[in-house]
Amino acid sequence: MEKYYITTAIDYVNGAPHIGHAYEKILTDIIARHYTQRCDDVYFLTGTDEHGIKIQKTAASQGISPKELCDMNSQKFKDAWKALDIDYTKFIRTTDEDHEKIVQKIFDKLLKQGDIYKHSYEGLYCQGCECFLNPKDLTEDGLCPDHLKKPEVVKEENYFFKLTKYKDAIIKYIKSNPTFIVPEFRANEVLNQLEDIQDISVSRAKSNVQWGIDVLSDSEQSIYVWIDALSNYITALGFDTENPSETFKKYWPADVHVIGKDILKFHSIYWPAFLMALDLPLPKHIFAHGWITIDESKMSKSLGNVISPTSVLESFNLEHPDAFRYYMASSAPCGRDGNYSDDDFKEKVNAHLANSMGNLLNRTLSMLVKYFDGEVKPEFKGENPLAKKALGTVQIVKNHFDNFEIAEASQEIISLVDAANKYVQDNAPWTLAKEEKMIECGQVLTNVLDIMCIISALIYPYCPNIAQDMARQLSFDLKTKLDNLTADNIKCGKLISKEDIKPVFLRVDSELADKSVKK
Ligand code: MSP
């Protein structure tokens, strides 16, 4: 694998980030980090989506300019991603000057080649979706099914994109590439939507929407937010209609766009059509994750249950974001909805990260110090009964990541941890030491430590801080590529002293957590 280009959806900046936005960025960061363990060149793009009527209205309601609102909130997203150790390559803002210029050129090109035409139109616009809705998709009360708000009747002369021209090609592409849309069960939804698609409006009258990129040849019109937003995936790399950059040529097509299920239509119908019109290859995968609910209810301002990701870190007094990352990433099978609850969070991270994984390392290293002064002797090395399961797990985890099964992969890692714990329990090195079977005792400990190195590598994408603490105590190089992992990782000689043993994860303090105040 030469390169891996992965993107997230770019978030609207009409509010601060919540844990739904965080879920997506965590999943994407985990996938990106996993692929750094398989290839040398991973490009991870995220950013913010800053134009449109929604942002214009929010800014007006706060008495500030749209640009001020964007600057303020975009920074909140950056700060949150920093706190969550989201290690992106680039953060794009759709108000970046170079992005705006290229979007204008893209629109101009499509207009000149006849894929965009002018047309008078009356339709139902949902601000939440930033799109026109088909009357047949509304609820019985005439509301947008996603936002439960009445769409606004808009009558304008707009530019239209000939989506219908690309319908057959998109259907063919989806049918002949069964892994284009992940999970596969969503492909049918998309194919159904394709059945009755129409050409789409791709501009708004400046008189109604001022906060947008101007159409180059028509200053009365601003470019529709979804062309602007979707183009970020190529403008970020330096795409240009005349002279695309070397970076673009190297990374495009994207290996995967990670997005929420609510915006699948835009990514699997509109975006492929725009790309076909630009004569560019399509992304390899669109991975639509599910939604995060809070205590089983939809997160919403009106319910007052919107949780910011940093408030979770603060209320549980976490020194790093690993537990939250692990919990979020393992909260739902591929593409399904997940749920956040304080109690479940505590229970799961205490059980998996503290009791199973952290304690195993701590106990094993402590016994190595107690019985052997922290030294691994050559006679401790031999056949490792855990090797087969461990190396098998590496393969299984890789396969899961290839299918974007991030929670499923985490379960496999924990099952390896459980197997190692069982091995320790079954072989009772403390009894072996009591019986003075010191070589056997040393073998058991070394076997576990060798496997802990593999576990540190596998858990690294989810818990980079914990993995680094583990690897340090094991003198293991975390930069080892997954394909180069063996079951022989621990070097003979003095491994560790008592004072260097450090628990990698402390149980989440339940009293403190109970007092948690959600912000
Ligand atoms: N700006 C558009 C995306 C443009 S991509 C070219 C947008 N923004 S958003 O802020 O509304 O959503 C950003 C991402 O967060 C989307 O992928 C969306 O699905 C995801 N989530 C928003 N709320 C969510 C949950 N409650 N749970 C999980 N993800 C959710 O759409």
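**View 1. Polar contacts hold the ligand at H21, D49 and I292**. An oxygen atom of the ligand sits 3.3 Å from a side-chain N or O atom of H21. A ligand nitrogen lies 2.7 Å from an N or O atom in the side chain of D49, and a ligand nitrogen is 2.9 Å from a polar backbone atom of I292. A polar contact here is a pair of N or O atoms within 3.5 Å. On its own the ligand has 660 Å² of accessible area (Shrake-Rupley method, 1.4 Å probe), and the protein covers 94% of the 660 Å². This is a predicted model, where local features need pLDDT of at least 70, side-chain atom pairs count only at pLDDT 80 or more, and totals for chains, interfaces and linings use all residues. Residues are numbered from 1 along each chain as its sequence is written, and side-chain values use heavy atoms, with hydrogens and water left out.**View 2. A shell of 24 residues surrounds the ligand**. Residues count as near when one of their heavy atoms lies within 4 Å of the ligand. The closest are I10, E24, D49, D262 and I292. By type, the shell splits into 12 nonpolar, 8 polar and 4 charged residues. Among the elements that each supply at least two shell residues are helix 1 (19-36) and strand 13 (256-260). Helices are DSSP runs (H or I) of at least four residues, and strands (E) of at least two.

**View 3. What keeps C126 and C144 from being bonded?** Their sulfurs are 3.8 Å apart, so they are too far for a bond. A disulfide needs two cysteine sulfur atoms within 2.5 Å, and the structure holds 0 disulfides. C126 is buried, at 3% relative accessible area (buried means under 20%, with a 1.4 Å probe and protein chains only).

**View 4. C463 is another cysteine too far from its closest partner for a bond**. The closest cysteine sulfur, in C453, is 17 Å from the sulfur of C463. C463 is buried too, with 0% relative accessibility.

Key. A polar contact is a pair of N or O atoms within 3.5 Å; within protein, one must be able to donate a hydrogen and the other to accept it, and residues adjacent in sequence count only if both atoms are side-chain atoms. Ala, Val, Leu, Ile, Met, Phe, Trp, Tyr, Cys and Pro count as nonpolar, Asp, Glu, Lys and Arg as charged, and the others, Gly among them, as polar. Buried means under 20% relative accessible area, exposed over 50%, partly exposed in between (1.4 Å probe, protein chains only).
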